[in-house]
Amino acid sequence: MPQRDGIVKPKTKRSKRFLQSREAKLIENVKNAMIMKGGNTSETVTQALKDIYSLKKPNAVMYKKKNITRPFEDQTSLEFFSKKADCSLFLFGSHNKKRPNNLIFGRMFDFHVLDMIELGIEKFASLKQIKKNTCPEGTKPLLVFSGEAFNTDNEYKRLQSVLTDFFRGPSVPSVRLAGLEHLLHFTALEGKIYMRSYTVLLKKSGCRTPRIELEEMGPSFDFTLRRTHLASDDLYKTAHRQPKALKPKKKKNVSHDAFGTKFGRLHMQKQNLAKLQTRKMKGLRKRRGETVEGEESSLKKTKMDE
């Protein structure tokens, strides 16, 4: 593809379609994640990466070769692979004496690192160890966050945002009840993060609403929060900016309450109630020979004057 004045001009239709797929869009594609190993890894880290990849499929790319890089010191290789594979999320696993069994969750903005959070694995149970029912590939999970730290601590708030971006899956307008098969639960307690994965079982309850039971599926993690690399407030605000075309247009005289009920306000001209046509009833009709009190008094006055 020749390049002139910073503009890439494709030679073939295939390269043209490829460039069009990478162009900016009003509605973003599903966020893909790249999962990669560092220069030195342990069995725990390797199996953890495989299990998380199985939860993310098909919206993930797994790199089998080792990548000798340190994300907190040099981010160029991560940004290169992100642009090459068109991935805005990444998971990097490493292991060393100072930081054993290390996982780094992160996300990109414009193919540059936005946020990175390093978690250390203290306890791990893989899918093979639990050996329970598994969910089909591509199932959209339910995400539950428990713990006061997710509401008060800034680092835990950003961790919740990163984990939500990583595991939420594609955006859909609606989900059927039978499609709620997978639940991911994150608990922040006493400086640790507990991640549990459950299969949602719908049992008979004798009524229309089924009885719900949770069965642990795996993988299961006990994390400790280590290093963080968080974007500044200005950059974070820029990354969340919406294009004008997607912003909902304000409608005049239409409002909603806290429960989503829609209210409308009508503006009418001043009405003359004297000319208001009311419903006619047979009981109110005037009969022959009958006069109204007002008419009788006026007739008497005229006779006396005469």
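**Loops, odd backbone angles and surface patches**

Me: Glu-190 lies in the loop between β9 (182–189) and β10 (192–203). Is this residue buried or exposed there?
Reply: Keep in mind that we're looking at a predicted model. The relative accessible area of Glu-190 is 76%. The cut-off for exposed is over 50%, so Glu-190 counts as exposed.

Me: And what is phi of Glu-190 near?
Reply: Most residues other than glycine have a negative phi. Glu-190 isn't a glycine, yet its phi is positive. The value for Glu-190 is near 55 degrees.

Me: Asp-86 also has a phi worth a look; where does Asp-86 sit?
Reply: Asp-86 isn't a glycine either, and it has a positive phi of about 55 degrees. As for its place, go to the loop between α3 (76–85) and β5 (89–94).

Me: How does Asp-86 count for exposure, and what is its relative accessible area?
Reply: Buried would need a value under 20%, and exposed one over 50%. Asp-86 falls in between, so it's partly exposed. Its relative accessible area is 30%.

Me: Now for peptide bonds: which residue is joined to Pro-58 by a cis bond?
Reply: Most peptide bonds are trans. Pro-58 sits in the loop between α2 (43–56) and β4 (60–66). The bond there is cis, with omega about 5 degrees, and the partner of Pro-58 is Lys-57.

Me: What is omega near for the peptide bond from Gly-218 to Pro-219?
Reply: You'll find Pro-219 in the loop between β11 and β12 (220–229). The bond that leads into Pro-219 from Gly-218 is cis. Its omega is near 0 degrees.

Me: What accessible area do Leu-177, Leu-202, Ile-212 and Leu-214 have together?
Reply: These four form a nonpolar patch on the surface. One of them, Ile-212, is in strand β11 (residues 211–216). Ile-212 is exposed at 53% relative accessible area, and a patch takes residues with over 30%, so Ile-212 clears that cut-off. Together the four have about 370 Å².

Me: Which residues gather in a patch of positive charge on the surface?
Reply: Start from Lys-16, which lies in helix α1 (residues 13–21). Lys-16 is partly exposed at 45% relative accessibility, and like charges in a patch are joined within 9 Å. The full patch is Lys-13, Arg-14, Lys-16 and Arg-17.

Key: Residues are numbered from 1 along each chain as its sequence is written. This is a predicted model: local features need pLDDT of at least 70, side-chain atom pairs count only at pLDDT 80 or more; totals for chains, interfaces and linings use all residues. Side-chain values use heavy atoms; hydrogens and water are left out. Patches are made of residues with over 30% relative accessible area and no salt bridge: like charges are joined within 9 Å, nonpolar side chains (Val, Leu, Ile, Met, Phe, Trp, Tyr) within 5 Å. Accessible areas come from the Shrake-Rupley method with a 1.4 Å probe; for residues, only the protein chains shown count as cover. A salt bridge is a side-chain nitrogen of Lys or Arg within 4 Å of a carboxyl oxygen of Asp or Glu. Helices (H or I, at least four residues) and strands (E, at least two) are DSSP runs, numbered from the N terminus. Buried means under 20% relative accessible area, exposed over 50%, partly exposed in between (1.4 Å probe, protein chains only). Lys and Arg count as positive and Asp and Glu as negative; His and the chain ends are not counted. The place of a charge is taken as NZ of Lys, CZ of Arg, CG of Asp or CD of Glu.
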